[in-house]
Amino acid sequence: MTRGTIIKRPFLVLFSLLLVLACRAATVSYVTLTSSANPIRKGQSATLSCTTFYSDGAHSSCVSPVYTDDQSQTVVRISGNTISGYSIGSVNVKVTVPGASTTLTMKVIPATQEALGVVTATQVTKALGFNVDPANDWEFQMAAAAGATHVRFQCGWATAELQTQPPRNTVTSQRYALQPYCQSAYKSSRKYNLHPIVVAGYGAPYHPILRVTAPGGAPAGARSIPVQLVPGESVDKLSSLAPFYDTITRSDGMQISIAHSYPGTLITAVKVSDTNHATLTLASALSAALPANTTTLYAVNEYLYPPPATSSPSDSSVMRYAEYAEFLARSLAHAGLKGEIELWNEPTWPDDRWDERANFYDLFPGPFDPGPRNAYLPNWGFVGALQGRATPAGVSYIWAGTEKSGSNSVLDAQMQRNAGVAFAEPAISVLSESFHPYGNSPEDALWIAPCWATTTGNNDFFHCNLFGLAGGNFSLAAQEDYFLKRSNPRYGVSRNMTETGFGLANGDTAHQARFIMRQFLGYQAAGVTPISFYRLYDTSPDQLGFVDSSRKSLPAYTAISGFMSDVAAIANPPVSSYSNSTFPSIASYSGTFPLDSVHIIGSRAGQKSTSDILAVWQRSYTSDGSRWATMPQPDNGSVTVSVARGWKVIQVMNLVTRRSVSYTTSSQKICFAVSDDPIEVIMQGQ
């Protein structure tokens, strides 16, 4: 074909171009992702929809979309285009098709109703405790008057084991002596029939041996300080200084480093220049510069035993702590008491790191064999040293390692990894673990115990948390115990709470009473018992007390003591077998927040039928980081309770205000209003 032929037929060229364009496929411009519901409730499902938009303006359903999420299916579970709420939280769901992807933020919110569990009145009547001043008999009296069966106080190691006067550093001929304040606590416990929990803390006894100055000063951040002896105020010599036995602090008690114990910063090396001068190497750097003068005095204190070098049960210092704990156990038995010895308090305790030498350092100097493998771990060696030793009848040990983290349970593999020994089953002396769930709202760290049966134990404990992953891991220890007991009912340990509370520095007395009642009810349902609130009488700025400075009862005291009286009235065991189908039940609910419920069952003396206390409340919480302590009460919701045939309603009462709640009756149902104060419905079988 010639050039002229082409020019004469331009329509053929145009037709060919249009044909090529028509045959070329439109490209993917973008995709969109929607859900049939957002947020979705835990346990509910929604349908994901993906739409592809093309360059030619057309759109259609995505072909073979792939859905993923950025929380590794810990918040939602995705199967095909169905998304299910697995635990409370937020997640970014991503859809991918060839050539495009997009994300959708989804939230999983709580179910409308949360049935926390069923407990016996027998359990609850033995569940209340308070932290008290061991020297104040009146606190023991008020604790007992509120219905408490437990009191918690400390008999410190520093005064229980008797250290010689310097320059000698050994124990006296009488190794231990129970100090007068602890003797008083034992006497008050017997007097009011209270069960003591004695804290074995903190570090070893110590005494001051030297006064020194720092004539040349030292900059902030220094780990080496030149010092000069003050002979007239010292009872020992610089040459007697011993690394790891000795600490240094300002003579007025002010600490000079971040990582320290009560007697001061740990000295790890000493270089003596002459009789009056030495250079001290510290485990933790100075938090502020030391002034260059000879008037600022520093105290050097000497431990009776150095902090443990490892977490081995055979470490000599671990063994000395175990012997101190055994002394306390014997002292309880000799006083005619049954109780527990709590092994430390909230390790790593920031003001006393004696329990694990590695925690004195700013930078972790390990790992060590057998442990610790990481920084800021509790010392499982204490458990290893005590678990094979029998205790006096009625006395046992509480492991405090779980008070900040459930992953530090004796049932966790961490014990073997860090102490070189596993927890011995069945337990004979270390029988329980403790939690300290201080939180913003009462249920921050709570879980639903009946939920464990739906889990695998493969890192899915958070599924049962009321706040999902944000609810922390106290529940991990409870889940580990659940699976152990399922394999052998004699295995595992019980869980209790030796501290929790609400400070009036952050809120009012109404919020305090509400917090106390809801937390007590919730953790009773979770099987965490007893619960010892911190504290009965508190003079600290936090204002955690249940009575004021004139010993007048605050609303929290009135609320918990009134409730304990209600439970005491049905303290006998249930008369007949029971199940969820035989209880009065919640027929309907409408309200702002999830409705939590707990059944407490028992029977009255002389009665031939079972009684039930049904406690319900709106589980108010904040979702924006604000303080629950200043949160207004939500509007009243409405609850309808089905009362099974053969049951009658005895009382409906607000557990915070102790005021009667009005209700209406229709057939076998009652209806009443509920906000976030717990409401109790007491019912009696016929």
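Let's start inside helix H11, which spans residues 509-525 and holds Arg514. The model here is a predicted one, and Arg514 is a good residue to click on. With a relative accessible area of 3%, Arg514 falls below the 20% cut-off and is therefore buried. Which residues does Arg514 touch once its neighbours within four places in sequence are left aside? The contacts are Trp628, Gln633, Val656, Asp676 and Asp677.

Thr213 makes a nice companion to that view. This residue belongs to strand E16, residues 206-214. Its relative accessible area is 2%, so Thr213 also counts as buried. Setting aside neighbours within four places in sequence, Thr213 is in contact with Pro226, Val227, Gln228 and Val230, and also with Asn293, Thr294, Thr296, Leu297 and Tyr298.

Now to the helices and what they pack against. In helix H4, residues 137-145, the buried residues are Trp138, Glu139, Phe140, Met142 and Ala143. Their cover includes two strands, E11 (128-131) and E12 (150-154), together with two helices, H6 (180-191) and H12 (555-568). After H4 comes Gly147, with a positive phi near 100 degrees. Helix H10, residues 474-487, has a longer list to look through: Phe474, Ser475, Leu476, Ala477, Ala478, Gln479, Glu480, Asp481 and Phe483 are buried there. Against which strands do the buried residues of H10 pack? They pack against strand E24 (430-435) and strand E25 (494-497). As background for reading such lists, an α-helix has 3.6 residues a turn, so residues three or four places apart point the same way.

The aromatic residues deserve a stop of their own. The count of aromatic pairs comes to 35. One of them joins Tyr321 and Trp344, whose ring centres are 5.7 Å apart with 55 degrees between the planes, a tilted arrangement. Tyr321 sits in helix H7 (residues 316-334), while Trp344 sits in the loop between strand E22 (339-343) and helix H8 (381-386), so this pair ties together parts that are 23 residues apart in sequence. Both Tyr321 and Trp344 are buried.

For another geometry, turn to Phe364 and Phe368. Their ring centres lie 6.1 Å apart and their planes meet at 85 degrees, so the pair is edge-to-face. Are these two rings buried or exposed? Phe364 has a relative accessible area of 27% and is partly exposed; Phe368, at 24%, is partly exposed as well.

Tyr321 and Trp344 also belong to one aromatic cluster, whose other members are Trp157, Tyr202, Tyr262, Tyr305, Tyr324, Trp349, Trp354 and Phe382. Rings meet charges too. The charged end of Arg357 sits over the ring of Phe244, 4.2 Å from its centre. Likewise, the charged end of Arg619 is placed over the ring of Phe467, 4.9 Å from the ring centre.

Next comes a sheet. Four strands make an open sheet with mixed pairing, in the order E2-E9-E8-E5. Strands E2 (40-41) and E5 (66-69) are at the edges with a single partner strand each, so one side of each has no neighbour in the sheet. Strand E8 (residues 89-97) and strand E9 (residues 100-109) pair in the antiparallel sense over nine bridges. Within this pairing, Val95 stands opposite Thr102 in E9.

Strands E8 and E9 return when we look at open space. The largest pocket holds about 610 Å³. Its lining has 29 residues, and those nearest its centre are Phe467, Ala470, Tyr621, Thr622 and Ser623. Phe467 is thus a residue we have met before, as the ring beneath the charged end of Arg619. E8 and E9 each give at least two residues to this lining, and E9 supplies the largest share, three residues.

Finally, what about enclosed space? There is one cavity of 30 Å³ or more, and the largest cavity has about 40 Å³ of space. Its lining consists of Cys155, Gly156, Thr159, Ala160, Ala177, Leu178, Gln179, Tyr181, Cys182 and Leu328. Helix H5 (157-160) and H6 are the elements that give two or more residues to that lining. H6 also links back to our earlier stop, being among the elements that cover the buried residues of H4.

Definitions and conventions:
Residues numbered from 1 in each chain as written. Predicted model: local features only at pLDDT ≥ 70, side-chain atom pairs only at ≥ 80, totals over all residues. Heavy atoms only, no water. Buried < 20%, exposed > 50% of the residue type's maximum accessible area, 1.4 Å probe, protein only. Contact = heavy atoms within 4.5 Å. Phe/Tyr/Trp six-rings, centres within 6.5 Å; stacked < 30°, edge-to-face > 60°. Lys NZ or Arg CZ within 6 Å of the ring centre and 35° of its normal. Pairing = 2+ DSSP bridges. 1 Å grid on protein atoms, 1.4 Å probe; cavity = no way out; pocket = protein on both sides within 12 Å on 5 of 7 lines; lining within 4 Å. Points joined across faces, edges and corners; volume = space filled by probe spheres on them.
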